[in-house]
Amino acid sequence: MNDKAIEAALDVMVRHVDALNARDPEGVARTLHFPHLRLAGDTVKTWENHRNYMDDFHRRAGGNWGHTEWGHLKPLQASSTKVHIDALVQRFDRAGDPIVSFRSLWVVMEIDGVWGAKFRSSFAQDIS
């Protein structure tokens with residue numbers, strides 16, 4: 001596997017969750033390529049741009065969401081411009097108690113010299 005690509009992709013993942021927890025929509029947008037796609041169960045959601053991404057996240061995570069952590073980030077495959085990552089997503093409420101935990105496959109890519117997540121797939125269920 002390509003070590004430089006893996007390092008860049010893991011950096012994207014860390015910056016993504018840091019920005020998410022900081023409730024920083026611009027920071028989150030800098031970790032994603034748009035259009036951005038999410039396949040959850042059999043439902044595909046596409047965000048053409050960053051405008052509604054954070055509102056949609058808060059709806060999915062629920063009103064008591066406090067923060068998210070990566071339980072693990074395991075690179076599965078990598079080329080020089082694309083990395084598949086097995087991510088364990090762990091969401092916690094405002095008191096720090098677990099809300100949900102699920103695995104997700106993230107596809108992180110370099111497009112026009114910028115690394116960002118383009119697509120992910122999971123069996124996650126929305127809270128609301």
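Two strands count as paired when DSSP finds at least two bridges between them. With that in hand, welcome to a set of close-ups of a predicted model.

**View 1. Strands E3 and E4 pair as an antiparallel hairpin.** Eleven bridges hold E3 and E4 together in the antiparallel sense. One place to look is Pro75, which stands opposite Ile85 in E4. Three residues lie between the two strands of this hairpin. E3 spans residues 65-78 and E4 spans residues 82-93. When you follow the side chains here, keep in mind that in a regular strand they alternate between the two faces of the sheet.

**View 2. Strand E4 also pairs with E5, and E4 is largely enclosed.** The partners E4 and E5 run antiparallel and are joined by eleven bridges. Two facing pairs make handy landmarks: Ala87 stands opposite Ser104 in E5, and Arg91 stands opposite Val100 in E5. The hairpin formed by E4 and E5 has four residues between its strands, and Gly96 in that turn has a positive phi of about 90°. How many of the twelve residues of E4 are buried? Ten of them are, so E4 is largely enclosed by the rest of the structure. Buried here means a relative accessible area under 20%.

**View 3. A two-residue turn links E5 to E6.** Eight bridges join E5 and E6, which run antiparallel. Ile111 has Val114 in E6 as its bridge partner. The hairpin has two residues between its strands, and Asp112 sits in the turn. Asp112 has a phi of about 50°, a positive value although the residue is not a glycine. Is Asp112 buried or exposed? Its relative accessibility is 78%, so Asp112 counts as exposed, the threshold being over 50%.

**View 4. Ser122 in strand E6 is buried among residues from other parts of the chain.** Ser122 lies in E6. Its relative accessibility is 6%, which means that Ser122 counts as buried. Leaving aside neighbours within four places in sequence, Ser122 is in contact with Leu39, Ala40 and Gly41, and also with Phe102, Arg103 and Ser104. You have already met Ser104, as the residue in E5 that stands opposite Ala87.

**View 5. Met13 of helix H1 is buried and touches six residues beyond its sequence neighbours.** Met13 is found in H1. Why does Met13 count as buried? Because its relative accessibility is 0%, and the limit for buried is under 20%. Not counting residues up to four places away in sequence, Met13 touches Trp70, Leu73, Ile85, Ala87, Trp106 and Val108. Take Ala87 from that list: Met13 and Ala87 are 74 residues apart in sequence, yet 9.1 Å apart in space from C-alpha to C-alpha.

**View 6. One cavity is found, with a lining drawn from helices and strands.** Searching the whole structure gives one cavity of 30 Å³ or more. How much space lies in the largest cavity? About 180 Å³. Its lining has 19 residues, and Val89, Arg91, Phe102, Trp106 and Arg120 lie nearest the centre. Helices H1 and H3 are among the elements that each supply at least two residues of the lining, as are strands E1, E3, E4, E5 and E6. For anyone thinking about the chemistry of this lining, the breakdown by class is ten nonpolar, five polar and four charged residues.

**View 7. Two backbone details deserve a close look: a cis peptide bond and a positive phi.** A cis peptide bond joins Phe34 and Pro35, with omega at about 0°. Pro35 lies in strand E1. Elsewhere, Arg23 is found in the loop between H1 and helix H2. Phi of Arg23 is near 55°, a positive value in a residue other than glycine. With a relative accessibility of 38%, Arg23 counts as partly exposed.

**View 8. Confidence in the prediction, element by element.** The chain has a mean pLDDT of 93, and 97% of its residues reach 70 or more. Which elements have the lowest and the highest mean pLDDT? H3 has the lowest, at 88, and H1 the highest, at 98. As a friendly reminder, where pLDDT is low, the predicted coordinates should not be read in detail.

Note on methods
Residues are numbered from 1 along each chain as its sequence is written. This is a predicted model: local features need pLDDT of at least 70, side-chain atom pairs count only at pLDDT 80 or more; totals for chains, interfaces and linings use all residues. Side-chain values use heavy atoms; hydrogens and water are left out. On a 1 Å grid over the protein atoms alone, a cavity is a set of points where a 1.4 Å probe fits but cannot get out, and a pocket is an open set with protein on both sides within 12 Å along at least five of seven lines; lining residues have an atom within 4 Å of a point. Grid points are joined across faces, edges and corners, and a volume is the space filled by probe spheres set on the points. Ala, Val, Leu, Ile, Met, Phe, Trp, Tyr, Cys and Pro count as nonpolar, Asp, Glu, Lys and Arg as charged, and the others, Gly among them, as polar. Buried means under 20% relative accessible area, exposed over 50%, partly exposed in between (1.4 Å probe, protein chains only). Contact means heavy atoms within 4.5 Å. pLDDT is the predictor's confidence in each residue, from 0 to 100.
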